[in-house]
Structures are given as C-alpha cells and as structure tokens.
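Hi,

Here is the model I promised to pass on. Have a look first, and my notes follow underneath.

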Amino acid sequence: MPTTVHEFDWPDRVIVGTVGVPGQRTFYLQVRSGKQTVSIALEKQQSAQLAEKIDEILDQLMTVDGNPFHVPANTPLELVDNDGLDAVEEQFRAGVMSLGWDPTTAQIVIEAYPLEEVDPDDDGFLEDDEDADPAEVLRVRIPVGSARAFAKRTREVVGAGRPICVICGQ
C-alpha cells in the first residue's frame, strides 16, 4: 500500500496544543493550510524536544558566517499565535520524528511517522513487511520566523502543565 503523505509547504498555521487537563493532557501537532487540517498526537516529551531542537537549528544558523538567511533571535510579534487548537481529528500518534533545514527554501522541515504497533506475540525476528514504507507521514515546511514562534509557543504549552519530575524525567 502506498504511503499517504500529508505535505504542507507553506502552511497557514502550525502549532502544538493540548486537549484535557494538566496531568491528563493529550498533545497535538496541528497543521492547517486553507481548508486542510491535520492533527497528530504527540507525547509531552516529543513536543518539548521538537521546540528545543528547532531553536538549536535556528540559533546555529544565526552564527554561520555568510548565512544569506535572516533568522530572528526572538519571536516576531506578528507571528505569535495564542489561539487554541482547531477541531481535532487525530490522524495518527507520532512515533519517529525527524527535523531538518532546507536551504533552498529557507525552511525548517518536520517529518512525523506513525507509532508502530508492537505485536505482543512478536518473537523478535524481522518479518518481510517490517521493511515496508509507513502508511502515513506528515511533512511540514515552515519559514524561520514561524519556526521561532512555533518553538516559543510549544515551550509555553509544555510548561503550562505539571512540572517534569527532576528524578525520573516524566
């Protein structure tokens, strides 16, 4: 079966938001372009890591000599988005995620793949179908200013819940 790719090259909106009360929240990465909206579930830690790594990439780009791209050090005020999630219809729960930089378009690229379900009867040996392509993938490209705003909002959303335990990290 071919992979369904939910691709957003210049989305109208990219946010992390939550549904539920602190301690029982579900995190969602939601992307909207026109009438198309995709929401994928994330773990709190995935959300925090995503924001941290986006800021690291942007900070690193700011230090590159001869960098032709203007990378804002702070979130541009016109890109602040404090509105809640649109209606959430979960597409999938994210497992593996990747993050990159596309210098041809000056955009941060986020890819998310569905969490693989583990068969409790699995004997640990690879099956032929385990090398198959994922059923779905979310690919989002966002410009540097929007990426900075996304990271800031995501850190705020993560921080709005219960604090992370300093002992176990949960």
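To start with a detail: which residue in β5 is the bridge partner of Ser39? The bridge partner of Ser39 in β5 is Glu90.

Before going further, some housekeeping. This is a predicted model, where local features need pLDDT of at least 70 and side-chain atom pairs count only at pLDDT 80 or more, while totals for chains, interfaces and linings use all residues. Residues are numbered from 1 along each chain as its sequence is written, and side-chain values use heavy atoms, with hydrogens and water left out.

The overall picture

The protein chain has two helices and seven strands, in the sequence pattern β-β-β-β-α-β-β-β-α. Helices (H or I, at least four residues) and strands (E, at least two) are DSSP runs, numbered from the N terminus. Of the 170 residues, 37% are buried, meaning under 20% relative accessible area with a 1.4 Å probe, counting protein chains only. Among contacts (heavy atoms within 4.5 Å) with a separation of 6 or more, 69% are between residues 24 or more positions apart.

The sheet

The seven strands make an open, mixed sheet in the order β1-β7-β6-β5-β4-β3-β2. β1 (4-8) and β2 are at the edges with a single partner strand each, so one side of each has no neighbour in the sheet. From one strand to the next, the twist averages 30°. Two strands count as paired if DSSP finds at least two bridges between them.

Both helices pack on this sheet. α1 touches β2, β3, β4, β5 and β6, and its direction makes about 15° with that of β5. α2 touches β2, β3, β5, β6 and β7, and its direction makes about 5° with that of β2. For these angles, axes are lines fitted to C-alpha atoms, for helices over the stretch in contact, and the angles run from 0 to 180 degrees between N-to-C directions.

Around β4

β4 is largely enclosed by the rest of the structure, because five of its seven residues are buried. β4 runs parallel to β5, joined by three bridges, and pairs with β3 in the antiparallel sense over seven bridges. In the β3-β4 pair, Arg32 stands opposite Thr37. The hairpin has two residues between the strands, and Gly34 there takes a positive phi near 60°.

The core

The largest nonpolar core (buried Ala, Val, Leu, Ile, Met, Phe, Trp, Tyr and Cys residues joined through side-chain atoms within 4.5 Å) has 30 residues, and Leu29, Ile40, Ile54, Ile110, Leu138 and Phe150 touch the most other members. Elements giving two or more residues to this core include β3 (26-33), β4 (36-42), α1 (44-63) and α2 (144-159). Leaving aside neighbours within four places in sequence, the contacts of Ile40 include Phe27, Leu29, Phe92, Ala112 and Leu138.

Two aspartates

Asp102 lies in strand β5 (residues 90-102). Asp102 is buried, with a relative accessible area of 14%, and touches Gln107, Val109 and Arg141, not counting residues up to four places away in sequence. Val109 and Arg141 are themselves bridge partners, with Arg141 in β7; β6 and β7 pair in the antiparallel sense over six bridges.

Asp81 is in the loop between α1 and β5. Beyond its neighbours within four places in sequence, Asp81 is in contact with Arg13, Ile15 and Arg153. Its side chain makes a polar contact with the side chain of Arg13 at 2.5 Å; a polar contact is a pair of N or O atoms within 3.5 Å, where within protein one must be able to donate a hydrogen and the other to accept it, and residues adjacent in sequence count only if both atoms are side-chain atoms.

Cheers

Definitions and conventions: Buried means under 20% relative accessible area, exposed over 50%, partly exposed in between (1.4 Å probe, protein chains only).
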